[in-house]
Amino acid sequence: MTCCHYVVVEGNESAFSVDPSSIAFGAGVLAEAGEHLRALSCRRAAVFTDATLAALEPVETVLRSLRAAGIEAEVYMDVHVEPTDMSFRAATEFASAGRFDGYISVGGGSVIDTCKAALLYATYPAELRTYVNAPIGDGKPIPGALPPHIACPTTCGTGSECTGIAVFDDLKLKAKTGIASRRLRPTLALIDPTCTRTLPSMVVAASGFDVLSHALESFTARPYTARARPEKPSLRPMSQGRNPWSDVGALEALRIAGKYFVRAVSDASDREARESLSWGATLAGIAFGNAGVHLPHAMSYAVAGLVRDYKCPGYPQHEAMIPHGISVVVNAPSVFRVTASTSPERHIEAAAALGADVHGVGPGDAGACLSGRVIELMRAAGVPNGVGGVGYGEGDLDALTRGSIMQKRLVDNAPMPIDDAAMRSLFRGALAYW
Ligand SMILES: [Fe+2]
């Protein structure tokens with residue numbers, strides 16, 4: 001049987017699930033937060049944000065709407081940009097002490113992820129590792145329903161508002177890892193694209209590359225039909241592989257990124273570009289929330305976790321930190337050069353959607369074509385030149401490989417098997433692109 005070009009193999013998975021995200025998208029939508037939370041029977045809300053955003057308009061708008069709806073609110077602004085196990089624990093203490101019946105997160109992926117973790121551990125107290133993905137954590141399922149969470153993203157990236165994933169740095173292991181469960185998906189996402197107007201250019205570049213990579217990885221992931229059929233539907237993984245539903249969002253997100261990404265980075269006054277990229281981020285978030293990402297993200301966990309002294313303009317400068325989108329995109333061209341052999345036509349289609357000239361490009365050139373287009377965009381946006389550009393060299397290849405191969409959920413979602421040697425070779429190919 002075939003479904004939209006997916007050929008079902010006897011004994012393998014024959015169905016995919018569409019996990020909907022509840023979204024309200026448009027200018028001014030943050031002012032609806034109070035009404036939505038009241039409709040969810042909440043009376044006392046925790047508002048998660050970070051120290052920079054706490055004084056800015058989006059948070060003020062949300063707090064005003066909560067007051068108007070008669071909802072008591074307490075603000076938590078100690079979110080760590082790129083959260084850690086320590087910052088997750090601190091946020092959990094706040095959530096546990098506050099006896100909240102509803103949660104709102106206003107910020108980028110770090111804020112939304114911290115809110116997810118805090119409400120989870122405040123509701124079902126446990127050691128942090130309990131719900132963290134195996135093999136780093138115990139990978140236990142979340143025992144039951146979670147309180148309402150309204151996510152209000154303020155960057156044009158991450159897509160965290162559409163997914164059940166919360167990512168953090170394990171400081172001892174020097175590796176990023178995460179919690180993944182459908183139950184963690186926010187109850188509602190309020191996406192106001194006008195929030196992106198004031199973002200620094202490098203924040204748009206980093207979050208935009210995250211969007212682009214979510215879309216590319218969802219579009220090129222292992223097909224859902226390549227997995228063995230689970231014993232029962234509840235065991236169908238959230239990272240189920242690419243499927244006809246994720247293809248729709250991924251491809252449109254790539255078209256939007258191809259058209260608007262460079263404009264959005266280079267001109268803060270280009271409202272059309274920034275607001276369009278915000279819609280692209282939403283579509284890519286829906287796609288990867290239903291398909292899962294793969295190698296560029298698996299590799300990013302080690303790239304970000306092992307950081308030594310890299311600091312990125314537009315981000316906090318008090319400590320070394322590689323923004324998520326940058327830690328992802330530095331790997332992407334090397335990965336797509338290699339994965340192209342699994343589905344050359346998809347890689348060419350993705351390159352075309354991103355604005356590459358694919359005239360006369362044959363299956364053998366698919367990887368070079370797609371990675372070439374991503375490299376062009378990296379250079380135009382002024383991001384670091386590969387893994388070498390954020391401080392790594394030949395001597396780091398083993399550590400980077402170890403930190404990535406353990407991201408089993410993501411590595412397994414790649415369109416081809418990847419062992420240690422293959423991962424090492426991907427990192428070697430990512431050291432420099434120009
Ligand atoms: Fe991401």
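Here are a few notes on the sheet and one helix pair in this predicted model.

1. Ground rules first. Local features need pLDDT of at least 70 and side-chain atom pairs count only at pLDDT 80 or more, while totals for chains, interfaces and linings use all residues. Residues are numbered from 1 along each chain as its sequence is written.

2. The sheet is open, with six strands (E runs in DSSP of at least two residues, numbered from the N terminus) in the order β3-β10-β7-β6-β4-β5 and parallel pairing; strands pair if DSSP finds at least two bridges between them. Since β3 (23–25) and β5 (72–76) sit at the edges with a single partner strand each, one side of each has no neighbour in the sheet. From one strand to the next, the twist averages 15°.

3. Zooming in, β7 (residues 149–153) and β10 (residues 188–191) run parallel and are joined by two bridges. Look for A151 opposite A189 in β10.

4. On to the helices (DSSP H or I runs of at least four residues). The axes of α10 (residues 332–339) and α12 (residues 366–381) come within 7 Å and cross at roughly 165°; axes are lines fitted to C-alpha atoms, for helices over the stretch in contact, with angles from 0 to 180 degrees between N-to-C directions. The pair is therefore roughly antiparallel (angles over 145 degrees).

5. As for who touches whom, α10 brings A332, P333, F336, R337 and V338, and α12 brings G367, A368, L370, S371, V374 and I375. Contact needs C-beta atoms, placed from the backbone, within 7 Å.

How values were computed: Parallel < 35°, antiparallel > 145°, perpendicular 65-115°, else oblique. Contact = placed C-beta atoms within 7 Å.
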